[in-house]
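Grab a pencil and work through these exercises with the structure open beside you. Try each task yourself, then check the solution under it.

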Amino acid sequence: MTTYLITGGAGFIGSHIAEALLQAGHGVRVIDDLVFGKKENLAGMDLEFLEGSILDDSLLRKAMTGVDGVFHEAALPSVPRSVKDPLASHEVNSTGTLRVLLAARDAGAKLVMAASSSAYGDTETLPKTEDMPVHPLSPYAVAKVYGEQLCSVFAQVYDMETVVLRYFNVFGPRQREDSPYSGVIAKFCAAALNGDEVRIDGDGLQSRDFTYVTDVARGNLLAMETSLPAGTLMNLAGGGRFSLLDLLDALERILDTKIPRRHVEDRAGDVKHSQASVELARDLMGFETQVGFQDGLELTIDWYRSFLANPSLSPQDSSS
Ligand SMILES: NC(=O)c1ccc[n+]([C@@H]2O[C@H](COP(=O)([O-])OP(=O)(O)OC[C@H]3O[C@@H](n4cnc5c(N)ncnc54)[C@H](O)[C@@H]3O)[C@@H](O)[C@H]2O)c1
């Protein structure tokens, strides 16, 4: 049986990768220090869980024993958090990625890295293609670009199989809604269901390529299983673009209610518009999304409705 390690596997995206791998009949090991992830996200999944940090070298090397591939998801994944605490962001997102790469190299494992559209910064041209120069606007984005470049260098100098996937805005069940650093769809869904006001940074016209999480998990498996050129880097997204105001309109239609809104100042380090070119992922590995924005939102709202009614259960997403 093929065994895969997922760093940060108790988090939002990592737990969906775990679920997809188990469904495909693979063995799964997870290393996660639970700083933001939750054990409940892995409830009912038959896998090996190691609680601890990727910065703990002996635990990391134990986690790598006998694995065929690594999905590197562990990170402090927030632009504003990195603006507030750049050193913590650097330690986990930069040094942590270097440590994971070294341990994966020594274990002879292929590595697929979770990178970010924040690498592009605020480009005038949309959609964002992989050949555009990087222009990080936050410590988080700098660390992600550093990780990407390490992957490319490890492919060249150590002949290691690495793939970099630039996610755009991923959404869906199990995304944390309860932190100031939560993703916008998670926050808006929870506020709307609780009857609270939503806070919109700036005019709400900023737009994002929202991608449903099971598509991102499937793209990860494809990247691991497909034989790709050394050090491949590609966008992994749906290729659509919706503003925050579009998002609120869609939520109001689904919930058949008016959601109170308050506009506040723009966030430092944020980009205005984001939309992926999806051609490379399609050409290299036949990747297409299967869940559109509207369907994904309905699935997400259903999940938050039952999760908020009973948070300790952290129900699994029946659709995935
Ligand atoms: N969610 C998105 O829209 C998005 C977009 C672009 C890139 N990404 C990247 O995808 C990856 C997964 O993001 P997510 O949204 O699932 O976030 P998440 O916070 O839910 O998952 C990250 C996981 O990493 C764990 N972690 C953090 N520091 C760790 C450490 N030192 N050792 C071990 N585990 C640690 C956390 O506990 C958490 O479970 C991250 O690398 C993130 O930067 C996410």
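**Exercise 1.** Work out how many residues of β2 are buried, and how β1 and β2 are joined.

*Solution.* Start with the burial count: five of the six residues in β2 are buried, which makes this strand mostly covered. One thing to keep in mind as you go: the model is predicted. Next, look at the pairing. β1, residues 3–7, runs parallel to β2, and five bridges join the two strands. To find one of these matches in the structure, pick L5, whose bridge partner in β2 is R29.

**Exercise 2.** Describe the shell of residues around the ligand: which come nearest, which elements supply them, and what classes they fall into.

*Solution.* Begin with the nearest residues. Out of 30 residues around the ligand, the nearest are G8, G11, G37, A75 and P77. Then ask where the shell comes from. At least two residues each are supplied by α1 (12–23), β2 (27–32), α4 (86–107), β5 (110–116) and β7 (169–171). With three residues, α1 gives the most. Last, sort the shell by class: 17 residues are nonpolar, 10 are polar and three are charged.

**Exercise 3.** Find out which way the side chains of β11 point, and which strand pairs with β11.

*Solution.* First, check the cover. β11 spans residues 232–236, and five of its five residues are buried. Now split them by direction: T232, M234 and L236 point one way, while L233 and N235 point the other way, and all are buried. Then turn to the neighbour. β6 pairs with β11 in the parallel sense, over five bridges. As a landmark for this pairing, R166 stands opposite N235 in β11.

**Exercise 4.** Two helices, α10 and α7, are up next. Compare the span of each with the expected one, then decide how the buried residues are arranged in α10 and how enclosed α7 is.

*Solution.* Take α10 (residues 293–309). This helix has 17 residues and reaches 24 Å from its first C-alpha to its last, close to the 24 Å expected at 1.5 Å a residue. Its buried residues are F293, G296, L297, L299, T300, W303, Y304 and F307. Seen down the axis of α10, these buried residues fall within an arc of 165 degrees, so they line one face of the helix. It helps to recall that an α-helix has 3.6 residues a turn, so residues three or four places apart point the same way. On the other side of α10, the exposed residues are Q294, D295, R305 and A309. What lies over the buried residues of α10? The cover includes β7, α6 (184–194), β10 (210–212), β12 (242–243) and α8.

Now for α7 (residues 213–225). With 13 residues, α7 reaches 19 Å from first C-alpha to last, close to the 18 Å expected at 1.5 Å a residue. Here 11 of the 13 residues are buried, so α7 is largely enclosed by the rest of the structure. Among the buried ones you'll find V213, D215, R218, N220 and M224.

**Exercise 5.** Place A190: which element holds this residue, and what does A190 touch?

*Solution.* A190 is found in helix α6. Count its neighbours: 19 other C-beta atoms lie within 10 Å, and A190 is partly exposed. Leaving out residues up to four places away in sequence, A190 touches E177, Y304 and L308. Finally, try a long jump. A190 and G25 are 165 residues apart in sequence, and their C-alpha atoms are 34 Å apart in space.

**Exercise 6.** Track down the backbone oddities at P127, D159 and D256.

*Solution.* As a starting point, most residues other than glycine have a negative phi, and most peptide bonds are trans. Go to P127, in the loop between β5 and α5 (139–157). A cis peptide bond joins L126 and P127, with omega about -5 degrees.

Next comes D159, in the loop between α5 and β6 (162–167). D159 isn't a glycine, yet its phi is positive, about 55 degrees. D159 is exposed, with 9 other C-beta atoms within 10 Å.

Finish with D256, in the loop between α8 (244–255) and β13 (261–264). D256 also has a positive phi of about 55 degrees although it is not a glycine. With 6 C-beta neighbours inside 10 Å, D256 counts as exposed.

Conventions:
Residues numbered from 1 in each chain as written. Predicted model: local features only at pLDDT ≥ 70, side-chain atom pairs only at ≥ 80, totals over all residues. Near = placed C-beta within 6 Å. Helix = DSSP H or I, 4+ residues; strand = E, 2+ residues; numbered from the N terminus. Nonpolar A, V, L, I, M, F, W, Y, C, P; charged D, E, K, R; others polar. Buried ≥ 20, exposed ≤ 12 C-beta atoms within 10 Å, placed from the backbone. Expected span 1.5 Å × (residues − 1). Arc of directions from axis to C-beta. Contact = placed C-beta atoms within 7 Å. Pairing = 2+ DSSP bridges.
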